[in-house]
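Let's take a walk through the charged side chains of this protein and see who pairs with whom. Have the fold open next to you as we go.

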Amino acid sequence: MRTLSTDILVLGSGGAGLFAALHAHQAEPSLSITVAVKGLLGKCGCTRMVQGGYNVALAAGDSVERHFMDTIEGGKWLPDQELAWTLVTKAVERIHELENELGCFFDRNPDGTVHQKAFAGQTFDRTVHKGDLTGIEIINRLAEQVWSRGIGRLEEHRAVELVKTADGSALAGVLMIDMRRGDFVFVRAKAVLLATGGGPTMYRFHTPSGDKSCDGLAMALRAGLPLRDMEMVQFHPTGLLAGAHTRMTGTVLEEGLRGAGGYLLGGDRQRFMHKYDPKLERATRDIVSRSIYREMRAGNTTPNGGVYIQMSHLGPADVRRQFKGMVERCADCGFDLAGGLVEVVPTAHYMMGGVMFRVDGATQLPGLFAAGEDTGGVHGANRLGGNGVANSTVFGGIAGEAMAAWVAREGALREPDREAIAASIAAHEKPFGLPAGDLGAIREELFACMWDDVGILRDAAGLGRALSRLHALEETLMRTGVADGDRVFNLTWHDWMNLASLIAVSRVIATAALAREDSRGAHFREDFPEPGPIAQSDFTVVRQGAGTLEIAREPVRFTRVKPGETLIREALPA
Ligand SMILES: Cc1cc2nc3c(=O)[nH]c(=O)nc-3n(C[C@H](O)[C@H](O)[C@H](O)COP(=O)(O)OP(=O)(O)OC[C@H]3O[C@@H](n4cnc5c(N)ncnc54)[C@H](O)[C@@H]3O)c2cc1C
């Protein structure tokens, strides 16, 4: 096995990973920094797919306090308030950095100020964007900076294990598979950032990029780290529904469509949101997703089983101009977004839960930092549209600085636990020694289980059933092999590993969902539809125990504002 060494190893090249690499380099240019990524740097992950934009309080009349209150109330009082405060305050700095230092062009108003659009669930239009292709602008500019600074790259390298020292007191490095050669590489590092971007791709309909399979969360679980808020899976209300045989099904039609005044219609071509919420189509994602799901359950559906979104009443030419990317994507699938109706379905989009971490990115394992969608606590029970890319870029940058400081203070290349490396290699090579089986069938069963029983509407019976199904699926996967051929770019092998990560994290989601006997934000229990006492809010924490998942509850600390209070001093401008 090859061994490489670096001062800082960053896992993932989304907004969190690239900002971390850049800020670590800015903090200490002499450090050796390596970005290891499952795909190609700058071409993979979800930050590149960001359509709508980036929330930040910039405009006159808005304030960080207002952005904070929207985040806390949207998160149903479950966010860690110090993390949320850091998000909203640092986002202001980060957006200026993106524009003025990295060279991002965002859309502007005729008077030269940055244009900020409406996103659901917010009391102010604060979403900065570049048309509806904001992520490409951000990731391209970030990648250029990383390329130009001599930061090391391990592309198409998949992280498979966080390896500690033999006494378990600190992280020593990360075991990876070089996907191009099909062999194992151990990367020793003084500090490691986990920024593999979560990604709820275990649901039948989902939006994240195909390279994401919750590997980071599965590795963190195996390393004994606590995961919080894992029951909180956000469904975006409007995924494209283009039939079962296209990968376009599930991809997101952005929130700005509803923000701009788009209508949702049932199969009967009538609007239905008035039955569920006075904010109609501009209600938060959780409410709109549940409403659509209820219409679907009642059979008021389109030919493919979803509902319609209609934009034509806003003027087809305007829609075409404002939502160019969306209009083209729909046209590719045979739909006319500007002038006709497009079939949509709720689609699993984002995991609010993840690794518990501190404001500076540190985790409970010395040497391991985490940022972005792999982490939990920033958003609580619901993420506001536009707070995702703010989260990854804000905390990625902070973690980069913190890792540089950590390396200077206590960084050392530590000796890894060789037995742990050998055991992990054996576990990952296991499928080569087994008769080849049908991984597609396992994936379909996982999709069905998570969509039906751990999805938008949940109850104890369904969650209990799901836990049994997931246990059985894990056993089936562990008996299912991969033809022992060439390991170079063996995508079947990687599929097997993807499924292993997804099933492990699905069990965490179902366990946390069963434990939370109330309904908050994205988590809705039909058998416990009330939110419970907000002032006594607590959050779930799941860890891997000996052979079983352990679940605990911890109280939310209201460090800046208590339920019933607000930090907002000014009224909204008339
Ligand atoms: C279609 C879509 C639209 C969105 N629109 C918006 C929006 O308008 N506004 C907003 O705020 N948020 C939006 N989001 C959410 C936003 O993209 C994410 O919140 C955020 O960008 C995540 O950043 P990240 O750096 O944590 O992860 P990502 O950007 O997803 O990056 C993860 C990286 O980890 C790598 N990786 C994964 N597994 C491994 C492994 N085992 N080993 C090594 N590398 C690995 C991946 O290849 C990738 O490079 C959207 C998401 C999607 C899917």
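In this predicted model, start with Arg-2 and Asp-183: they form a salt bridge, and their closest N and O atoms sit 3.1 Å apart. This pair links distant parts of the chain, with Arg-2 in strand S1 (residues 2-11) and Asp-183 in strand S9 (residues 183-194), 181 residues apart. Both ends see some solvent-accessible area: Arg-2 is partly exposed at 29% relative accessible area, and Asp-183 is partly exposed too, at 24%.

Now move on to Arg-285 and Glu-255, whose side chains meet in a salt bridge at 2.5 Å, N to O. Arg-285 belongs to helix H7 (residues 285-297), while Glu-255 is in the loop between strand S11 (233-240) and helix H6 (256-259), so the bridge ties together parts 30 residues apart in sequence. What about burial here? Arg-285 and Glu-255 are both buried.

A third stop is Asp-453 with Arg-465, a salt bridge at 2.8 Å, N to O. Asp-453 sits in helix H12 (residues 439-453) and Arg-465 in helix H13 (residues 460-479), so this pair ties together parts that are 12 residues apart in sequence. The two partners fall into separate classes: Asp-453 is buried, with a relative accessible area of 5%, whereas Arg-465 is partly exposed at 46%.

Back to where we began, for the wider picture. Arg-2 and Asp-183 also belong to a network, joined with Asp-178 and Arg-181 through salt bridges that share partners. Across the whole structure, there are 45 salt bridges.

Definitions and conventions
Residues numbered from 1 in each chain as written. Predicted model: local features only at pLDDT ≥ 70, side-chain atom pairs only at ≥ 80, totals over all residues. Heavy atoms only, no water. Salt bridge = Lys/Arg side-chain N within 4 Å of Asp/Glu carboxyl O. Helix = DSSP H or I, 4+ residues; strand = E, 2+ residues; numbered from the N terminus. Buried < 20%, exposed > 50% of the residue type's maximum accessible area, 1.4 Å probe, protein only.
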